[in-house]
Amino acid sequence: DGPFSADNTYRLVPFNYRMMLCPGGHTSTYANAYLPTNLFTSVGRQWTTLDKSNGLLEGTFDLVDVAVNPRDTNELVAAVWGYGLASIRDNQVQTFYNSSTTGGALVPYSSGSYSRLNTGAVAFDRKGDLWVLNSQSTHALAVRRANGTWEKFSTMSMVSTPEVDKLVCDSITGFKWFCGRSNVIYVHDGDSRMAKVNPNNGSKLDKTTKVTALVQDQNGNLWLGTDMGIKVIYDGYKAFQNGGNNR
């Protein structure tokens, strides 16, 4: 068996006995791919799809990531590229988050009359806080705390190319690791400090120009997919040493 439509697979997200397929996407220039907003979930060999009858997803496209709330596993939160976040229960969107519904915590990219909220990745940390990557924004990182309050973080001082769409909440240190188009990995401590890591520092592989995937294993090591192969960061806890600049 398979999902209702397998035309595109942007991300596969496992959680316990579930596998969730995000069928959205974006172009190489970070424009919408305009694929129908949906989420396919399998439990065993049974696939389900989103019930969109309440209209909260009307006019949206490109669901690109999803995360399960560890404090309430009935809640899924999905990133919808160009529009915001969908809180999902029982295969139906219950709440849609954007700039106006988060007190301005989700800051869109704006140029003249053009404005887009390119939410590219979501992840819950061990405390139940929901972290969000907001690509191309002056505030590329935002959080919904476990108590429901929202905060935003200015990232322009270090994220010079804010096209970011890959996010890991470090299960060991609590750091937030994220990256995107550029050959740089950014680290945020969840408070006020930021650092950046050059994936070519200390590497024995040929020099990379792009990080394509980011994931943490059960020992706390960070595995990077790059255009030249796989790399591993074994000492992520040192990210803020030496000023946190290009370790």
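Here are two short exercises on a predicted model, each with a worked solution.

Residue numbers start from 1 along each chain as its sequence is written, and side-chain values use heavy atoms, with hydrogens and water left out. Local features need pLDDT of at least 70 and side-chain atom pairs count only at pLDDT 80 or more, while totals for chains, interfaces and linings use all residues.

**Exercise 1.** Find where Arg126 lies, and work out which residues it is in contact with beyond its neighbours within four places in sequence.

*Solution.*
- Start with the location: Arg126 sits in the loop between β10 (114-124) and β11 (130-135). Strands here are DSSP runs of E, at least two residues, numbered from the N terminus.
- Next, accessibility: Arg126 counts as exposed because its relative accessibility is 54% (exposed means over 50% relative accessible area, buried under 20%, partly exposed in between; 1.4 Å probe, protein chains only).
- Now list the contacts (heavy atoms within 4.5 Å): Arg71, Ser171, Ile172, Thr173 and Gly174.
- Check one of these: Gly174 is 48 residues from Arg126 in sequence, with 7.8 Å between their C-alpha atoms.
- Finish with the side chain of Arg126: a polar atom there lies 3.0 Å from the backbone oxygen of Ser171, and a polar atom there lies 3.1 Å from the backbone oxygen of Ile172.

**Exercise 2.** Count the disulfides, and explain why Cys22 and Cys179 form none.

*Solution.*
- Recall the bond: a disulfide covalently joins the sulfur atoms of two cysteines.
- Apply the cut-off, sulfur atoms within 2.5 Å: the count is 0.
- For Cys22, the closest cysteine sulfur is in Cys169, 16 Å away, so it is too far for a bond.
- For Cys179, the closest cysteine sulfur is also in Cys169, 13 Å away and too far for a bond.
- Lastly, accessibility: Cys22 counts as buried at 0%, and Cys179 counts as buried at 0%.

Key: Polar contact = N/O pair within 3.5 Å; in protein donor to acceptor, adjacent residues only side chain to side chain.
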